[in-house]
Amino acid sequence: MALQDVCKWQAPDTLGLSPHLPQAGGWAVPQGCDPQTFLQTHGPRLAHGTTTLAFRFRHGVIAAADTRSSCGNYVACPASCKVIPVHQHLLGTTSGTSADCATWYRVLQRELRLRALREGQLPSVAGAAKLLSSMMSRYRGLDLCVATALCGWDHSGPALFYVYSDGTRLQGDIFSVGSGSPYAYGVLDRGYRYDMTTQEAYALARCAVAHATHRDAYSGGSVDLFHVRESGWEYVSRNDAWVLYSELRKPPELQKQDEEEASQACSGPATAQRAVEDGEASVRLVPGDSRLSAETETL
């Protein structure tokens with residue numbers, strides 16, 4: 001009590017709980033302290049990086065990312081998931097501070113769910129991107145670091161938006177975010193076509209992330225691949241990044257020979273044949289594990 005009297009500080013009212021985050025000026029900080037100056041002076045400066053990408057094509061939206069979470073020179077987690085589902089037809093890649101990305105995606109999930117309950121339907125991908133950018137823009141200057149690509153399918157078809165924590169919102173066909181994005185863009189610019197087949201899109205995404213992880217020290221681990229279709233998003237696969245890069249380095253003759261051997265060894269049902277065509281066993285998440293209830297789509 002004595003310290004509070006000296007500082008003339010009053011604790012915020014905790015009786016009236018609110019589901020919303022406080023405004024930019026509503027955080028409890030010492031008197032005479034500017035949050036932005038304090039963070040610039042005393043805040044930690046830990047180098048971090050990642051490689052995430054997303055692109056739109058004829059059959060939906062592809063999202064891919066590496067799985068290495070770094071904190072300075074330390075690999076905090078080699079198998080993190082940097083693609084976060086929002087609802088059955090919307091997911092997003094995450095780049096920046098992991099805690100900020102996870103927090104704001106939980107906020108976005110809550111706000112979209114509340115709007116669906118009020119209006120009877122989920123907002124479009126453009127509406128979700130506008131909502132996220134407007135919420136984060138109020139915290140500009142507080143060292144918030146969130147860079148995401150929202151990938152979804154709505155009444156207008158496949159859609160892709162880039163949103164940054166300062167309120168930036170862009171619509172496009174190709175986005176790559178993170179320290180490995182220059183290397184990923186080089187592969188995407190060379191091989192991207194809107195009329196690609198699904199297998200060509202999978203191969204392009206894997207190739208772009210694998211090359212980026214080879215050149216970027218802060219990217220690595222595995223390559224997660226997601227596909228947003230009209231029926232909803234699908235978790236396609238997780239492949240080791242070094243194995244993918246090693247396969248890409250093989251001469252075309254050896255690659256063709258490996259494909260022939262794989263096709264001869266596979267004589268099972270159609271599901272097994274599809275796994276061979278993809279290059280690995282396709283992994284699908286159980287709706288109860290990571291997808292929101294389908295009732296959200298039909299309110």
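## An open five-stranded sheet and its helices

In this predicted model, 5 strands form an open sheet in the order β10-β1-β2-β11-β12, with antiparallel pairing. The edge positions are taken by β10 (174–177) and β12 (232–240), each of which has a single partner strand, so one side of each is left without a neighbour in the sheet. On average, and with direction ignored, neighbouring strands of this sheet are turned by 15° against each other. Strands here are DSSP runs of E of at least two residues and helices are runs of H or I of at least four residues, both numbered from the N terminus, and two strands count as paired if DSSP finds at least two bridges between them.

Residues are numbered from 1 along each chain as its sequence is written. Because the model is predicted, local features need pLDDT of at least 70 and side-chain atom pairs count only at pLDDT 80 or more, while totals for chains, interfaces and linings use all residues, and side-chain values use heavy atoms, with hydrogens and water left out.

The antiparallel pairs described one by one are set out below.

| Strand pair | Bridges | Opposite residues |
|---|---|---|
| β1 (residues 52–57) and β2 (residues 60–66) | 6 bridges | L53 and A64 |
| β7 (residues 146–154) and β8 (residues 157–164) | 8 bridges | L150 and F161 |
| β8 and β9 (residues 169–171) | 3 bridges | V163 and R169 |

β7 and β8 form a hairpin with 2 residues between them, whereas the hairpin of β8 and β9 has 4 residues between the strands, and there G167 takes a positive phi near 100°. Strand β8 is mostly covered, since 7 of its 8 residues are buried, where buried means under 20% relative accessible area, exposed over 50% and partly exposed in between, with a 1.4 Å probe and protein chains only.

Helix α6 (residues 198–215) lies across β1, β2, β11 (222–229) and β12, and runs at about 150° to β11. Helix α7 (residues 241–248) also packs on the sheet, where it touches β11 and β12 and makes about 75° with the direction of β12. Contact means heavy atoms within 4.5 Å, and axes are lines fitted to C-alpha atoms, for helices over the stretch in contact, with angles from 0 to 180 degrees between N-to-C directions.

The two helices pack at an angle of about 105°, with their axes 9 Å apart. α6 and α7 are therefore roughly perpendicular to each other, a class that covers 65 to 115 degrees, beside roughly parallel under 35, roughly antiparallel over 145 and oblique for the rest. Among the residues that make this contact are R206, A210 and H214 of α6 and W242, Y245 and L248 of α7.

The largest nonpolar core has 26 residues, and those with the most contacts inside it are L53, F55 and I62; such a core is a set of buried Ala, Val, Leu, Ile, Met, Phe, Trp, Tyr and Cys residues joined through side-chain atoms within 4.5 Å. β1, β2, α5 (181–191), α6, β11 and α7 each supply at least two residues of this core, and the largest share, 9 residues, comes from α6. Leaving aside neighbours within four places in sequence, F55 is in contact with residues including I62, L160, I174, L188, A201 and L204. A second, separate core of 25 residues includes I84, V86, L108 and A116.

T198 lies in helix α6 and is buried, with a relative accessible area of 16%. Not counting residues up to four places away in sequence, T198 touches F57, H59, H227 and R229.
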